[in-house]
Amino acid sequence: MTLSNPEPVGEGEPGGTDLAAESAAVAATARAPWYLRLPVVSHLRRSVGLQRGMLVAGVVIVAVLLLSAVAAPLIAPYGFAQTAADGTPFGTQQPPSAAHPLGTTVTGFDVLSRVIWGTRTAVAVMACAVVASLFLGVALGLLSGYVGGWLDRVLVMLADAIYAFPSLLLAIVMSIVISGGQSDAWGGILAAALSITVVFVPQYFRVIRAEVVRLKAEPFVEAAKVIGTGHRRVMGTHLLRNATRTLPLIFTLNASEAILTLAALGFLGFGIEPTSASEWGYDLNRAMADATSGIWWTGLFPGAAIALAVLGVTLVGESVNDLNDPRLRTRRRRRSERKVSA
Amino acid sequence: MTDPATTEVEGAPRRPRRRASGGLGRYILIRFLLIIPTVLILMTVVFFLMRITGDPITAALGGRLTPAELAARRAEAGYDRPLIIQYLDYLGGVLRGDFGTTYTDRTPVTEILATYGAATFELVAYSVVVALVLGVPLGMIAARTRDRWPDAVLRIVAILGYATPVFFVGLLLKLVFSVGLGWLPVAGRLSTGGEITMSRILNPSPFYLLDALRLGDMTLLGDVVTHALLPAVALGILTGGIFLRLVRTNMIGTLEMQYIESARSRGVPESRLTTRHALRPALIPIVTVMGMQIAMMLGGAVLTETTFEWNGLGYMLAEYMKARDYVAVQGIVMMLAVIVALSNFVVDVIAALIDPRVRY
């Protein structure tokens, strides 16, 4: 940690020769093309064995999820709220057949189509929730950590209180506030995303605030202040860029939690109207009664879709976390090391 | 007690403060006092959030009554007063132990807690047992076989346990064990026969398991246990996966410590190293994390209870939500907040008893 240069690496003109000479290690990684330095890509290159397998599996699942969300109208055989094709109704609770590979639901929707369209809702909520909580949490964390004083104390207390509370209950309260329970497609997606945001903001806030409090005492921040840099610039440049290193991890962990919270809200009947968008949690809610009479296809597939989506995002997050933690990283030559020590 | 007098005169370093800062009693007191702002903040946030959208009466009955009737009902319940008065009124009620009365069936919220709280407690207790029985040994195995196939399988199982929503696990368990194999009941806490037996008990306790044990009625006990098995497993798998990962990570850390190496060189067998020397330090974080898990488990309990029609607080919460009875929802949510804050306090005290380093 020799931070003699007041500006973080990567900032400023490319012609800084002493800067490049100073930190050979940083330069070595910086020389790789930018696309190899992206969080997940660089982790992929660093990983070996099982860890690589888990990371690759996660990336593949997430890619499939995103693809199916984008191309839902092309892949899905029917619309998500369609109950009849060419004037003939699908029939309700039909077992899987050639026309309906995954059967139909109690309201006569095609299960396969609803599972595919559901990826769209899940991805939309995930993206909105994570982006919103990222911005809010980071902004509040920066401000709270930098300004300090009573503002900091109040915000920390508020964040701690919210953090200690069951997140699902908070999401329920928020969804009542935002949409009064039920709503149309975008209203519902935004309501679910905002409900989840409230739950996540304290997590981002804590991480960023802790980092900012630590960084504030670093010499390069002092130096910037001494030469008369404005508060806004210190916060935006010196602190923000250095405090956001741990974010990709929380990012992936929260993305998976967003899917679970959306599904839970839907399951409790607090989600999106079935005719305005397809949502897996709602479908599972309707499938509970089917299960008692042995109808398995209405619940199995949406449930598996939730589990798979969360699994994919979690695998990526877990692997990135393990690769960042030297204690947990799989070492390349572990077996030979062991033989030597034994 | 004589110390302050001497220090005042002498101006010596304040010894009493140093002694007290390490005291368990002081820690417990501070920790207990911290509950008050936490609960107060949550109550304030939830109260004002729920009122932003309007009053509960319009939410429950809007559209079914004329505007004039609605206004009359609002005035009767006091919802036309300024918000701050309503808030103070509400806080005063809570201080007197009154969390409000449900709008749809006119039940005091505290009575709902008394009637259904035990069921939720029972469910959470069972699932903690399931989680510990699953999580701790499997986590130990994963740590021992680090980076080999049992570890790989167990880690993926743990992630799957976390990734699968409780209600989907419940649905699968129901499909396999209740509908497919017919071994276990589909839902509820008791069969009709069991309920009849239970209703004959004089002064029943709210805990079915205790009642069944007290009666010594084997069929009743079997009935209680078979009904509880699937919900407990569904909720337990979720937490069990988290315990597995915790035990694994911490044991990998402790297994590399020097005291393990020295014990090994003294000839302590590997099995004993794992189960004794490395396990104890790895269990401390579990106690701490358990505190955070209580909040998550209560959320999970809401879903599990809805899945298995288990007559607890969570099930009632979902029912009141469906009825748009937001007075009840607010009351139950607030009460759960108090329960979470109290149980976090208990867990922190236990953690402080086990590990002296966690004290302030």
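What share of the contacts in chain B with a separation of 6 or more comes from residues 24 or more positions apart? Point 2 has the figure. The notes below follow the chains, then the interface, then single elements.

1. **Status and confidence.** This is a predicted model. Chain A has a mean pLDDT of 73, and 74% of its residues reach 70 or more. Two stretches of chain A fall below 50. Residues 1–28 are one of them, with 15 contacts in the model beyond near neighbours in sequence. Residues 333–342 are another, with one such contact. Where pLDDT is low, the coordinates should not be read in detail.

2. **Chain B overall.** The answer is 72%: that is the part of the chain B contacts with a separation of 6 or more that joins residues 24 or more positions apart. Chain B has 16 helices and zero strands. Of its 360 residues, 36% count as buried.

3. **Chain A overall.** Chain A has 15 helices and two strands. It has 342 residues, and buried ones make up 46% of them. For contacts with a separation of 6 or more, residues 24 or more positions apart account for 71%.

4. **Core.** The largest nonpolar core has 184 residues. Those with the most contacts inside it are A:Val125, A:Phe165, A:Val173, A:Ile259 and B:Ile332. The list thus names residues of chain A and of chain B. In soluble globular proteins, nonpolar side chains tend to be buried together.

5. **A:Phe165.** Take this core residue as a case. Leaving out residues up to four places away in sequence, A:Phe165 touches A:Leu170 in its own chain. Across the interface, A:Phe165 touches B:Leu42, B:Ala295, B:Ala337 and B:Val340.

6. **Interface.** Contacts link 45 residues of chain A with 47 residues of chain B. On the chain A side, five helices each supply at least two residues: α7 (149–163), α8 (167–179), α12 (247–267), α13 (280–292) and α14 (297–324). The largest share, nine residues, comes from α14(A). By class, this side of chain A has 30 nonpolar, eleven polar and four charged residues.

7. **Helix α6 of chain B.** This helix covers residues 83–95. Its 13 residues should span 18 Å at 1.5 Å a residue, and the end C-alpha atoms are 18 Å apart, so the geometry agrees. α6(B) is hardly covered: one of its 13 residues is buried. B:Gly97 follows the helix, with a positive phi near 80°.

8. **B:Glu309.** Check this backbone. Phi of B:Glu309 is near 45°, positive in a residue other than glycine. Most residues other than glycine have a negative phi. B:Glu309 lies in the loop between α14 (270–308) and α15 (313–322) of chain B. It is partly exposed, because 13 other C-beta atoms lie within 10 Å and the exposed class stops at 12.

9. **B:Ile339.** Is B:Ile339 buried or partly exposed? It counts as partly exposed, because it has 19 C-beta neighbours inside 10 Å and the buried class starts at 20. B:Ile339 is found in helix α16 (residues 326–354) of chain B. B:Val349 is ten residues away along the chain, and the C-alpha atoms of the pair are separated by 15 Å.

Definitions and conventions: Residues numbered from 1 in each chain as written. Chains lettered and ligands numbered in written order. Core = buried A, V, L, I, M, F, W, Y, C linked by C-beta atoms within 7 Å. Contact = placed C-beta atoms within 7 Å. Helix = DSSP H or I, 4+ residues; strand = E, 2+ residues; numbered from the N terminus. Nonpolar A, V, L, I, M, F, W, Y, C, P; charged D, E, K, R; others polar. Expected span 1.5 Å × (residues − 1). pLDDT = per-residue confidence, 0-100.
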